[in-house]
Amino acid sequence: MMWPNFFLQDEERRMEMRVRGAGKRRKVLTDEQEGKIKLAFFVAIVGMTLTVVAVGTEFWVELNTYKQNHTVVCEAAHYGLWKFCYKKLWINDVEEERATCGPAELPGEANCSYFKFFTTGENAHIFQKSTKKELNITAAVISLLSITLMAMGSLCITAALSKEVEFLLKPASCFFIISGMMVLVSLEIFRQSVRWLITSDKTIPLEYEYSWSVACAVAAGAVLIFGGGCFILLSFPSLPKKAWECCIKSRNSNNTS
């Protein structure tokens, strides 16, 4: 009976030593570091929220027809990455100084539908103008990939805070910076698709203007890149201190010389 107990106690000692060794190897974050990480994570969450709002709404661009004399209604349209909406507005609701119909936020009769190139592969026709489906699909796919990278970055930050380790900040910073850049790239591709739509049929005069969803996308890209940059600085906490020490040493050497 003594031998089994001896081996059992020996195994317990080994397990305890392993646990202690793992605890020593793990880098524990200070309260100040944890607070800075949470603040940077809040900035990244703001960028993620703006991205989701921009991607999920259809107010990226508004297309406005010109007012016609002796009519009580005018037509406008707005669309985003996934669907577009036709809208009939009352002339009395439109400002008199405005030559075109709109803005699309005015109350009116709306008819919205998703783009067919996500299902049947057909180009959409808005006011008899044809879209460039390759550009629209590319912009939508890149926006989804950016959201995936944001989710991966959030998982890294959550693990970094729960496990109290710093090395996960570096991949998180890469995920957020790349996702912010992808949001801006998606926005530029969408802008090119709008220009293609406007120039596809020049016989129909239209005016277009980018709406608040684009503003959300621009702000989201900038905030995500800024948040990723904050995580890079937090992953190298000794860099500012070393830079400050080098600066002091150089000044002292100059004074002595």
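A residue is called buried when its relative accessible area is under 20%, exposed when that area is over 50%, and partly exposed in between. The legends below use these terms for a predicted model.

**Figure 1. Overview of the protein chain in the predicted model.** Of the 257 residues in the protein chain, 37% are buried. The chain holds 6 helices and 7 strands. Read from the N terminus, these elements follow the order α-α-β-β-β-β-β-β-α-α-β-α-α. The accessible surface of the protein chain is about 15700 Å², and carbon and sulfur atoms contribute 63% of that surface. Among contacts in the protein chain with a separation of 6 or more, 70% join residues that lie 24 or more positions apart.

**Figure 2. Segments that the UniProt record annotates as "transmembrane region".** The annotation comes from an unreviewed entry and covers residues 39–61, 137–161, 167–190 and 210–234. Two of these segments are described here. Residues 39–61 are 78% helix and 4% strand in the model, with 33 Å between the end C-alpha atoms. Residues 167–190 are 92% helix and 0% strand, and their end C-alpha atoms are 36 Å apart.

**Figure 3. Close-up of Val73 in strand E2.** Strand E2 comprises residues 73–79, and Val73 belongs to this strand. Is Val73 buried, partly exposed or exposed? The relative accessible area of Val73 is 36%, so this residue is classed as partly exposed, because that class lies between the limits of 20% and 50%. When neighbours within four places in sequence are set aside, Val73 makes contact with Leu89, Trp90 and Ile91. A further residue to locate in this view is Cys101, which is 28 residues from Val73 along the chain. The C-alpha atoms of Val73 and Cys101 are separated by 8.9 Å.

**Figure 4. Close-up of Ser173 in helix H4.** Helix H4 spans residues 169–199 and includes Ser173. The relative accessible area of Ser173 is 2%, and the residue is therefore buried, because the limit for this class is under 20%. Which residues does Ser173 touch, apart from those up to four places away in sequence? They are Gly228, Phe231 and Ile232. The record's "transmembrane region" annotation for residues 210–234 may be compared with this view. A polar atom of the Ser173 side chain also lies 2.5 Å from the backbone oxygen of Lys170.

Conventions:
Residues numbered from 1 in each chain as written. Predicted model: local features only at pLDDT ≥ 70, side-chain atom pairs only at ≥ 80, totals over all residues. Heavy atoms only, no water. Helix = DSSP H or I, 4+ residues; strand = E, 2+ residues; numbered from the N terminus. Buried < 20%, exposed > 50% of the residue type's maximum accessible area, 1.4 Å probe, protein only. Contact = heavy atoms within 4.5 Å. Areas by Shrake-Rupley, 256 points an atom, 1.4 Å probe, with all protein chains shown as cover. UniProt positions renumbered as here; feature names shortened; annotations may be inferred. Polar contact = N/O pair within 3.5 Å; in protein donor to acceptor, adjacent residues only side chain to side chain.
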